[in-house]
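Colleague: Before we look at this protein together, could you explain how each term is applied to the model?

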Amino acid sequence: MRIALVVPYYDPRLGGDVAGALWRFPTVPELAGALAARGHSVAAFHLARRSGTATWAGVPHRFVATGPLRRSVARAVWRRVPRFGSPYFEPAVELAAQAVAWRPDVVHVFGLTVDGNLALVARFAAAAGVPIVVHFHGGVPAEDRWTRTVLRATLRRVARVLFTEPEQAAPWRQAGLLRPEQIAIVTETSTRMSPVRDPASAARLPGHPSCVAIGRLHPLKDYPTLFAAFARVVQELPEARLHLFYGSEANPCRLPVLVQAVPELSKRVVFHGYTKSAGVAAALGGADIFVQASRREWSSLSVLEALAVGCPAVLSDIPSFRALSGDGRCARLVAVGDAAAFADAIIGLARSPAARAHLAAAGKGWFESRLSFEAIARDLEGVYRSLEPITAGQRPAG
């Protein structure tokens, strides 16, 4: 099959760094490479600040700029209507035209909420009789009437919308934007992280047990519940330590102050700050237990990384974590906001090396078979092969 992957948005902070866009956001290039490895002809088309080309795993990536005038107008509109970043308002006509001119058998768009540019790509693809697949990467339907009208017309042209788990589709179905037969379940992203082979770089984190949390310092991560749970843990296991690694854009805010105010936590919770991928792999490889108490996630790169590395996980029981863990096959799931349940799960794993070893092996096995880029490419192939071309003049169903 000829598969065109289309990214109709870009991070304005990257400027004109074409190669850097691939390195910093590897989901699309990794999936492209995995699809190519299955024998498909793949090309990727990215909206960008500057036009250019790059190659990743043998797959060509074309970066298509809209030009300074449209960027300037988009910035002006964005200042009045600050939805996402200004590239949201750049009309990607050339991007859509180039993707369809490549004569693909399927067009796969990344981003369900890039409304205007999704509409452009869908119109070009439908006019050429090419089925369209859209991958959900978070967000909810726009509320304003004009955008909702455009989105409804766009999604009538779309053959499938891919979600990590079924509940993510609920707002779109309830708004009357998607029909059940349009929805398919395919994991949003994955990771190339693997267990650290160099023992020196995976030195054990201090603590018995040593627990690690990775993610933004954001209210949705529910650190208060995690801290309350850990305060209970140290009553039973005084040598326990909780190590926090957070994103480069994070502001530690008042969390360290909160920790210092609780005697049980003040010397047992360690804020490590930002770390790159190698540091994350080392942290997970040197920890006994990974913990995440999020109240909502579209997916979770840190959970995927923990499973890939084989770090036993205790997670909040939310839909995306149920999907990623196989309904708890390879992680302990506990009720959202239940500090006592989190503490019990951590203590139980800390006291059972056999249980930790079982979860580590189950996590690695589940990741390789269901969550790796190769597994996602296999699932995508199944979706693509289920599609039918749009014949000339055919009006999409709905």
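Modeller: What follows is a short exchange about the fold and its inner space.

This is a predicted model, in which local features need pLDDT of at least 70, side-chain atom pairs count only at pLDDT 80 or more, and totals for chains, interfaces and linings use all residues. Residues are numbered from 1 along each chain as its sequence is written, and side-chain values use heavy atoms, with hydrogens and water left out.

Colleague: What makes the protein as compact as a globular protein of that length?

Modeller: The globule rule (2.2 Å times the number of residues to the power 0.38) is set against the radius of gyration, taken over C-alpha atoms. For 398 residues the rule gives 21 Å and the protein has 22 Å, which is close, so the protein is as compact as a globular protein of that length.

Colleague: How many of the residues are buried?

Modeller: Buried means under 20% relative accessible area, with a 1.4 Å probe and protein chains only, and 53% of the 398 residues are buried.

Colleague: How do you know what share of the contacts joins residues 24 or more positions apart?

Modeller: A contact means heavy atoms within 4.5 Å; of those with a separation of 6 or more, residues 24 or more positions apart account for 72%.

Colleague: What makes the lining of the largest cavity nonpolar, polar or charged?

Modeller: Ala, Val, Leu, Ile, Met, Phe, Trp, Tyr, Cys and Pro count as nonpolar, Asp, Glu, Lys and Arg as charged, and the others, Gly among them, as polar. The lining therefore has six nonpolar, one polar and one charged residues.

Notes
Buried means under 20% relative accessible area, exposed over 50%, partly exposed in between (1.4 Å probe, protein chains only).
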